[in-house]
Amino acid sequence: MRVLVIGSGGREHALCRSLQLDPQVTELHCAPGNAGIERVATVHPVDPLDPGQVAELATRLRADLVVVGPEAPLVAGVSDAVREAGIACFGPSREAAMIEGSKAFAKEIMRAADVPTARARTCATEQEAAAALDEFGAPYVVKDDGLAAGKGVVVTTDRELALAHARSCERVVIEEYLDGPEVSLFALCDGSTAVPLQLAQDFKRLRDGDEGPNTGGMGAYTPLPWAPEGLTDQVMREVVHPTIAELSRRGMSYQGVLYVGLALTAKGPKVVEFNARFGDPETEVLLDRLETPLGGLLMACATGELGLDPVFRPGSAVTVVIAAEGYPEAPVKGDPIALPADSGHAYVLHAGTRREGGRVLSASGRVLAVVGNGPDQESARANAYELAARVELRGSHYRTDIAP
């Protein structure tokens, strides 16, 4: 099959890498791609937020399947335009993608489907926000209602900081704090059926020890040997199936991946957030361990023919994100990168790079994702960090405590 991937980050490089390994995939394209993706796919300079441009490119390439990576194109309606052009698309419709595009909409769906989650208030004024902060108390959780690239959430004990974040957003969702470790579960959905991938855990804070501001993600690992037995089945039963059923009841057939961010509280797992796409950097480790060919899986979701659960290889995978100087507030861009050769059990995925002449340059805050694998978590972690230490990028930094 001919496949077109939309996006330019580490998630999309991981998707392209896995699709290239699928013998069913005979032609692989990506728009707009990055300096790493262009080594495994033909890249095209298309605006990923323009549904018409994407649909025109997919038609011109005679693509059999379009895979939409980031959330913003989904919310912009790219998958709708592709389907209207008669091409199979992995990614929910614009309406269904609002489960990530609006935190308030996600809470509405969870309430209707009786999904366990934090109590919350949607606030459009400073007065409403102040009242909600007082109702729930510290730690305060304030979420920008719209898309914020994984950085729109403030969790703090400082009421003034929480109120300032609310003031800076057009609308916010303020909710009670959920105590407990957080994990991610991705479910592949074909509109009526859903199957789970492995559990993974990512690290949102910038610095070691979960200190510093929230980021788009500084690392991840899978599987989670400490996760409670039966957790995946419980989440599919209590969260995923009721959610896609409620969306379907509202006329929104959900075809793509439903990302469930969970807090494992003393009262059981509760939903922290939904995303309408593969999480980044969890995708990098999950696809490293996925044994089932990816192209066939995604096509089955896009055509309503999802069958058996995906199969994963034994062992572990760890990814370490290398960020640019100044990330996340003001990342420095345009610095040259010296990349080490991949080793037998570690490789580099490009998250924010571009090519200029013969040089690879940094192009965004999260620049690279170094993936290590091995028979166990300890060896996968060691392999990832050994390769990460050999990357040369002025001012770059990464956490040293991923997958402890």
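What follows is a chat between a biologist and a modeller about a predicted model.

Biologist: Let's start with the parallel sheet. Which strands stand at the edges of the sheet ordered β3-β2-β1-β4-β5, each with a single partner strand?
Modeller: That one is an open sheet of five strands with parallel pairing. In an open sheet the end strands have one partner each, so one side of each is left without a neighbour in the sheet. Here those strands are β3 (42-43) and β5 (88-90).

Biologist: Where does Ile 6 pair in β2?
Modeller: Strand β1 (residues 2-7) and strand β2 (residues 27-32) run parallel and are joined by six bridges. Within β2, the bridge partner of Ile 6 is Ala 31.

Biologist: What angle does helix α1 make with β1 as it packs on the sheet?
Modeller: Helix α1 covers residues 10-20 and touches β1, β2 and β4 (65-68). Helix α2 (residues 51-60) also packs on the sheet, touching β1, β2 and β4, and its direction makes about 160° with that of β1. For α1, the angle with the direction of β1 is about 170°.

Biologist: How many of the eleven residues of α1 are buried?
Modeller: The buried ones include some charged names, such as Arg 11 and Glu 12, along with Leu 15 and Leu 19. Helix α1 is largely enclosed by the rest of the structure, because the buried residues number nine of the eleven.

Biologist: On to Ser 184. Is Ser 184 buried or exposed?
Modeller: Ser 184 sits in strand β10 (residues 182-190). Its relative accessibility is 2%, and the cut-off for buried is under 20%. So Ser 184 counts as buried.

Biologist: Which side chain makes a polar contact of 2.8 Å with the side chain of Ser 184?
Modeller: Leaving aside neighbours within four places in sequence, Ser 184 is in contact with several residues, among them Gln 198, Asp 202, Tyr 259 and Glu 282. The side chain of Tyr 259 makes a polar contact with that of Ser 184 at 3.5 Å. The 2.8 Å polar contact is with the side chain of Glu 282.

Biologist: How far apart in space are Ser 184 and Leu 199, C-alpha to C-alpha?
Modeller: In sequence, Ser 184 and Leu 199 are 15 residues apart. Leu 199 is also one of the contacts of Ser 184. In space, their C-alpha atoms are separated by 5.8 Å.

Biologist: What are the edge strands of the sheet that contains β10?
Modeller: It's an open sheet of four strands, antiparallel, in the order β11-β10-β16-β17. Inside that order, β16 and β17 run antiparallel with seven bridges between them, and Leu 262 stands opposite Val 271 in β17. The edge strands, each with a single partner, are β11 (194-196) and β17 (268-275).

Biologist: Which strands of that sheet does α11 touch?
Modeller: Helix α11 (residues 294-302) is mostly covered, with eight of its nine residues buried. The cover over its buried residues includes α1, β4, β5, β10, β16 (255-265) and α10 (282-289). Where α11 packs on this sheet, the strands it touches are β10 and β16.

Biologist: How are α6 and α9 oriented to each other, roughly parallel or roughly perpendicular?
Modeller: Helix α6 (residues 103-113) and helix α9 (residues 231-249) pack with their axes 9 Å apart, at an angle of about 105°. Among the residues making the contact are Phe 105 and Ile 109 of α6 and Pro 242 and Leu 247 of α9. Angles of 65 to 115 degrees count as roughly perpendicular. The two helices are therefore roughly perpendicular.

Biologist: How many residues of strand β18 are buried?
Modeller: Ser 316, Val 318, Val 320 and Ile 322 point one way from β18, while Ala 317, Thr 319, Val 321 and Ala 323 point the other way, and all are buried. That strand spans residues 316-323 and is largely enclosed by the rest of the structure, because the buried count is eight of the eight.

Biologist: Last one. In β22, which residue is the bridge partner of Val 321?
Modeller: β18 runs antiparallel to strand β15 (residues 219-222), with four bridges, and Ala 220 stands opposite Thr 319 there. β18 is also antiparallel to strand β22 (residues 366-374), joined by eight bridges. The partner of Val 321 in β22 is Ala 369.

Conventions
Residues are numbered from 1 along each chain as its sequence is written. This is a predicted model: local features need pLDDT of at least 70, side-chain atom pairs count only at pLDDT 80 or more; totals for chains, interfaces and linings use all residues. Side-chain values use heavy atoms; hydrogens and water are left out. Two strands pair if DSSP finds at least two bridges between them. Contact means heavy atoms within 4.5 Å. Axes are lines fitted to C-alpha atoms, for helices over the stretch in contact, and angles run from 0 to 180 degrees between N-to-C directions. Buried means under 20% relative accessible area, exposed over 50%, partly exposed in between (1.4 Å probe, protein chains only). A polar contact is a pair of N or O atoms within 3.5 Å; within protein, one must be able to donate a hydrogen and the other to accept it, and residues adjacent in sequence count only if both atoms are side-chain atoms. Angles under 35 degrees count as roughly parallel, over 145 as roughly antiparallel, 65 to 115 as roughly perpendicular and the rest as oblique.
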